[in-house]
Amino acid sequence: MRPILIGVVLVSVAAAYYIYLPLPSTISEPWKLMISDAMMRSMMKLGFLAHDLGLASPFGLVKYFSAWTDAKIDESSPSVRVTEASFGGVKALVFESTAAGQEQSFKRGVVYFHGGGWTLCSTKMEPFFRQCMTTAEELNAVVISVEYRLAPDARFPDQYDDVFQASKHILTAEVLSRYSIDPRRVAVSGDSAGGNLAAAVAQQIALDSSIPIKFKVQALVYPVLQALDFNTPSYVQNANIPILDRSLMARYWLEYLNGEQKLLPALLANNHTALDQGQEIAAAKAKINWTKLLPVAFQKSYKPVFPLHGDPKLLEKLPGLLDVRASPLLAETEVLKAVPPAYIMTCEHDVLRDDGLMYATRLEEAGVHVTVDHVEDGFHGCLSFAFGPFAFSVGRRSLGNYIHWLKENL
């Protein structure tokens, strides 16, 4: 009996050691976050091990496990009808409010792109499914969640092309009329990598004269907007904070841009934007200069990190790094002037915090009205923790803020 007891104690100590992370006291429900992160971290490590052994793609195992959380399409609520559809050859889920007495009226429309590093998740994954259903119900809206292709089966610009083609098709009089959507009240939205796609699509739709119906607003939730600087204050401050650490974000970029994972150390060191990398890089860096774009309170005592000498072959291997469709923060000011008003949610404890704040500054400088919703106790992905028995208070609150802004502005 005694050896069993000792074994139980040792296993418990080991589990506690693995689960525990030194998190800031200002982050929401830290112990709950540690437990959630431990489970995700375990899946990620198993996935990377399987990749190192040549058994799967870097995120293949995680993608397999995450599919278990898919919701059933027939789980429509009494006030929201959920159906499958295709727009421009791209699959999607359509969440239609069926509130009593509202069937014949024109509704708001939201075109949504889910997060997941351009590699994971789906429209049917429980958090995104519930979020879209709640948004449709609360707004009396039609939410169209686009099922774009994922890496490694698709690489940049495939994901962008999917969401652009779907958006272009949705923004036609025929489709909008079919779903009773008011053409003057359509938003584009997304979280994380989906926020990246939403920002890029908002830019292109605004410029495309062949698309007469435009998005009224864009709602970007902790969007990833650039891959030239992995040493912004938020990347350094939150390098090891769940749910998205600094290395993991760089890994997602490599998957998206069809780069080898062995390039990870070079990206994290900013070798691709070293001082000897030429005028094209210098011009791009000016658009992500956080010393000028971030409020002083977020800069703190951090200093820019750009090596004297870099690797010129990095840009040859990853040409998408300078493509505005991949990094919307690199758009010219004339482009930004054309985009619709924006809501940008940022979280204090998120490596992507500064991407959103810098984009907000650039949009404001271009004359675009921007609402920045900064969640002081938030972490990356917190909106996806708004549902279920393991829901976070910050998840419910951030979702409420997001829906409230759409209700007031769409």
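Q: I'm starting with the strands; which residue is the bridge partner of Ser189 in β6?
A: The partner of Ser189 in β6 is Ala219. Strands here are DSSP runs of E with at least two residues, and helices are runs of H or I with at least four. Keep in mind that this is a predicted model, where local features need pLDDT of at least 70 and side-chain atom pairs count only at pLDDT 80 or more, while totals for chains, interfaces and linings use all residues. Residues are numbered from 1 along each chain, and side-chain values use heavy atoms, without hydrogens and water.

Q: How many bridges link β5 and β6, and in which sense do they pair?
A: β5 and β6, which covers residues 217–221, pair in the parallel sense over five bridges, where pairing needs at least two DSSP bridges.

Q: And which way does β3 run with β5?
A: β3 and β5 run parallel as well, and six bridges join them; among the residues involved, Gly109 stands opposite Val186 in β5.

Q: How many residues of β5 are buried?
A: Eight of the eleven are buried, so β5 is largely enclosed by the rest of the structure; buried means under 20% relative accessible area with a 1.4 Å probe.

Q: Switching to α4, which of its residues are buried?
A: The buried residues of α4 include two phenylalanines, Phe128 and Phe129, together with Gln131, Cys132, Met133, Thr135, Ala136 and Leu139.

Q: What do those buried residues pack against?
A: They pack against five strands and a helix: β1 (80–87), β2 (90–97), β3 (107–113), β4 (141–146) and β5 (181–191), together with α17 (393–409), with contact taken as heavy atoms within 4.5 Å.

Q: Why does the length of α4 agree with what a helix should span?
A: The 14 residues of α4 should span 20 Å at 1.5 Å a residue, and its end C-alpha atoms are 20 Å apart, which agrees; the expected span is 1.5 Å times one less than the number of residues.

Q: What comes just after α4?
A: Asn140 lies just after α4, and this residue takes a positive phi of about 50°.

Q: New topic: which residues lie nearest the centre of the second largest pocket?
A: Val324, Arg325, Leu330, Ala331 and Glu332 do, out of the 16 residues that line the second largest pocket. A pocket is an open set of points on a 1 Å grid where a 1.4 Å probe fits, with protein on both sides within 12 Å along at least five of seven lines, and lining residues have an atom within 4 Å of a point.

Q: Which element gives the most to that lining?
A: α7 gives the most to the lining of the second largest pocket, with four residues.

Conventions: Buried means under 20% relative accessible area, exposed over 50%, partly exposed in between (1.4 Å probe, protein chains only).
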